[in-house]
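Please follow this walk through the structure shown below, which begins at a pocket and moves outward from there.

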Amino acid sequence: WGGANWTRNTDPASWMRYSVVWYSQRITHTMGAAELTRYARSFGYGNADFTGDTGENNGLDRAWIGSSLKVSPREQVAFLRKLMFDTLPVTKTAMANTRAIIESQAVDGWTVHGKTGTAYPRNKDRSFDYARGFGWYIGWAERQGTTLVFARLTQARERTSGSPGMLTRDGLLNDWPALAARFKP
């Protein structure tokens, strides 16, 4: 499912870069639903629901993949602002380490840091609807002492040849110069 990047040894940086689901699942199983829920609530992270798909008892395996955990783009931005300005209820070291492993690239004089995501809704028969995939790209951009936090969420209307998350990222990076120009410090 995840290709070659999911079959090699993984550390936190490669986990984030390649969205290694099995690594996420090891973490969630170690923490447990109660601890995950406690953290999500303290972070103000969406509905903090780690139950998973109805009747499937799979919350620790996929609550965050188009399942029970719901987080709006506005909630993503609020979370990222807390991460950027060290106001999450965790250590400053934990926040700094998290920021350090987020992928970044240069775009029009900005350093754009972000994380992609992809999920597919389920049909009534529980199969995945690959024609209506969701893609998101969330993160922040920095230039000359200015930080902008962003979230972009898309939903395909037909099956795409690439990952909806990567396509969303590429679209935002392409649009970034015009979006950033709208910001007036």
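In this predicted model, strand 4 (146-155) and helix 7 (164-181) each supply at least two residues to the lining of the second largest pocket. Strand 4 makes the greatest contribution to that lining, giving 5 residues. The full set of lining residues consists of L148, V149, F150, A151, R152, L172, W176, L179, A180 and R182, and sorted by class they comprise 8 nonpolar and 2 charged residues, with no polar ones. The space inside the second largest pocket comes to about 170 Å³.

From the pocket, the path leads along the strand to its pairing partner. Strand 3 (residues 134-143) and strand 4 run antiparallel to one another and are paired over 10 bridges, and within this pairing W136 stands opposite L153 of strand 4. The two strands form a hairpin with 2 residues between them, and in this hairpin Q144 adopts a positive phi near 45°. As a general point, the side chains of a regular strand alternate between the two faces of the sheet.

Two of the residues already named, A151 and L153, also lead to another part of the chain. P73, which is found in helix 5 (residues 73-84), is in contact with A151 and L153 once its neighbours within four places in sequence are left aside. Although P73 and A151 are 78 residues apart along the chain, their C-alpha atoms are separated by 5.5 Å. P73 counts as partly exposed because its relative accessibility is 33%, a value in between the limits of under 20% for buried and over 50% for exposed.

Note on methods. Residues numbered from 1 in each chain as written. Predicted model: local features only at pLDDT ≥ 70, side-chain atom pairs only at ≥ 80, totals over all residues. Heavy atoms only, no water. Helix = DSSP H or I, 4+ residues; strand = E, 2+ residues; numbered from the N terminus. Buried < 20%, exposed > 50% of the residue type's maximum accessible area, 1.4 Å probe, protein only. Contact = heavy atoms within 4.5 Å. 1 Å grid on protein atoms, 1.4 Å probe; cavity = no way out; pocket = protein on both sides within 12 Å on 5 of 7 lines; lining within 4 Å. Points joined across faces, edges and corners; volume = space filled by probe spheres on them. Nonpolar A, V, L, I, M, F, W, Y, C, P; charged D, E, K, R; others polar. Pairing = 2+ DSSP bridges.
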